[in-house]
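Trainee: Would you please take me closely through the packing of the helices and the residues buried among them? I am new to this structure and would value one connected account.

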Amino acid sequence: MGLLELFLIAVGLSMDAFAVSVCKGLSTQTLQRRHYLIVGAWFGGFQALMPTLGYLLGSTFEQYITSVDHWVAFILLSVIGGNMLKEAFSKDEETTDASFAPRVMLLLAVATSIDALAVGITLALLPGVNIAAAVLFIGCITFILSAVGLKVGNVFGLKYKNKAEMVGGTILILMGLKILLEHLGLIQF
């Protein structure tokens, strides 16, 4: 897996955290430096933790699913991306409060990083993935985009939330399709 592919996966995964950060920014009157650090640390930390756990899980069962690993990767990434697209087109309003308390942030961080667990399983099935570098990269990208989302929400409101989810979902679906087509020998990158 190349750096560009890892970057696209990191951006795709971080779109949920970005969207929640936009909502947080919208509900916070005055942002302080600590707010950026709080959302970045919680969301970035969990986006790094979950793929690590998924990788360990995937590595444990790799011998049982090696023959269908490309289909597993395709299905997991497509389901995650499809759910993000569904959320982007949903008319349901998300509500978040302005609290940055640990219990609130923990729930939000877990909710926005569940999909990263499945991506970690996918990473375990791909050859030559340096998981330490990958999760560090995913965590850093999410940290940055969460802080940016907080500011965007505070300045612009919900205007970019759905667009972010659409981009993230599309990226993950395309990455899953690429993995499948490469394995089937239909394309080569």
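**Helix packing and the buried core**

Mentor: The crossing of α2 and α6 is right-handed. The model in which this crossing appears is a predicted one. The axes of α2 and α6 come within 7 Å, and the angle at which they cross is roughly 150°. Since angles over 145 degrees count as roughly antiparallel, α2 is roughly antiparallel to α6. Sorted by class, the residues in the contact of α2 with α6 are 14 nonpolar, 8 polar and 1 charged.

Helix α6 also meets α1. Here the axes again come within 7 Å, but the crossing angle is roughly 35°. The crossing of α1 past α6 is right-handed. In the contact of α1 with α6, 19 residues are nonpolar, 8 are polar and 1 is charged.

Two glycines show how α1 and a distant stretch of the chain are brought together. G25 is placed in helix α1. Its relative accessible area is 1%, which lies under the 20% cut-off, so G25 counts as buried. G25 and G149 stand 124 residues apart along the chain, yet their C-alpha atoms are separated by 7.3 Å. When neighbours within four places in sequence are left aside, the contacts of G25 are L150, G153 and N154.

Beyond α1, the chain continues into a loop. L31 sits in the loop between α1 and α2. With a relative accessibility of 17%, under the 20% limit, L31 is therefore also classed as buried. L31 is 120 residues from K151 in sequence, while the two C-alpha atoms are 7.9 Å apart in space. Outside its neighbours within four places in sequence, L31 is in contact with Y36, L150, K151 and N154. Both L150 and N154 thus appear among the contacts of L31 and among those of G25.

We may now turn to I9. This residue, I9, also lies in helix α1. I9 counts as buried because its relative accessibility is 2%, under the limit of 20%. The partner to note for I9 is L172: they are 163 residues apart in sequence, and their C-alpha atoms are 6.4 Å apart. Not counting residues up to four places away in sequence, I9 touches M1, V119, L172 and M175.

V119 leads to the nonpolar core. The largest nonpolar core has 32 residues, of which M15, V119 and L123 touch the most other members. At least two residues of this core come from each of α1 (3-27), α2 (33-60), α4 (69-89), α5 (102-125), α6 (131-156) and α7 (161-183). The helix that gives the most to this core is α1, with 8 residues. Apart from this core lies another, of 13 residues, including F43, F100, M105 and L108. In soluble globular proteins, nonpolar side chains tend to be buried together.

V119 has its own set of partners. Leaving aside neighbours within four places in sequence, V119 is in contact with I9, L13, L77 and I80. Of these, L77 and I80 bring us to the pairing of α4 with α5.

The axes of α4 and α5 come within 9 Å and cross at roughly 160°. An angle over 145 degrees counts as roughly antiparallel, and α4 and α5 are therefore roughly antiparallel to each other. Their crossing is left-handed, whereas that of α2 and α6 is right-handed. On the α4 side, the contact with α5 is made by D69, V72, A73, L76, L77, I80 and M84; on the α5 side, by D115, A118, V119, I121, T122 and L125. By class, the residues of the contact of α4 with α5 comprise 10 nonpolar, 1 polar and 2 charged.

Key. Residues numbered from 1 in each chain as written. Predicted model: local features only at pLDDT ≥ 70, side-chain atom pairs only at ≥ 80, totals over all residues. Heavy atoms only, no water. Core = buried A, V, L, I, M, F, W, Y, C linked by side-chain atoms within 4.5 Å. Buried < 20%, exposed > 50% of the residue type's maximum accessible area, 1.4 Å probe, protein only. Helix = DSSP H or I, 4+ residues; strand = E, 2+ residues; numbered from the N terminus. Contact = heavy atoms within 4.5 Å. Axes fitted to C-alpha atoms, helices over the stretch in contact; angles between N-to-C directions. Parallel < 35°, antiparallel > 145°, perpendicular 65-115°, else oblique. Left-handed = near helix turned anticlockwise from the far one by under 90°. Nonpolar A, V, L, I, M, F, W, Y, C, P; charged D, E, K, R; others polar.
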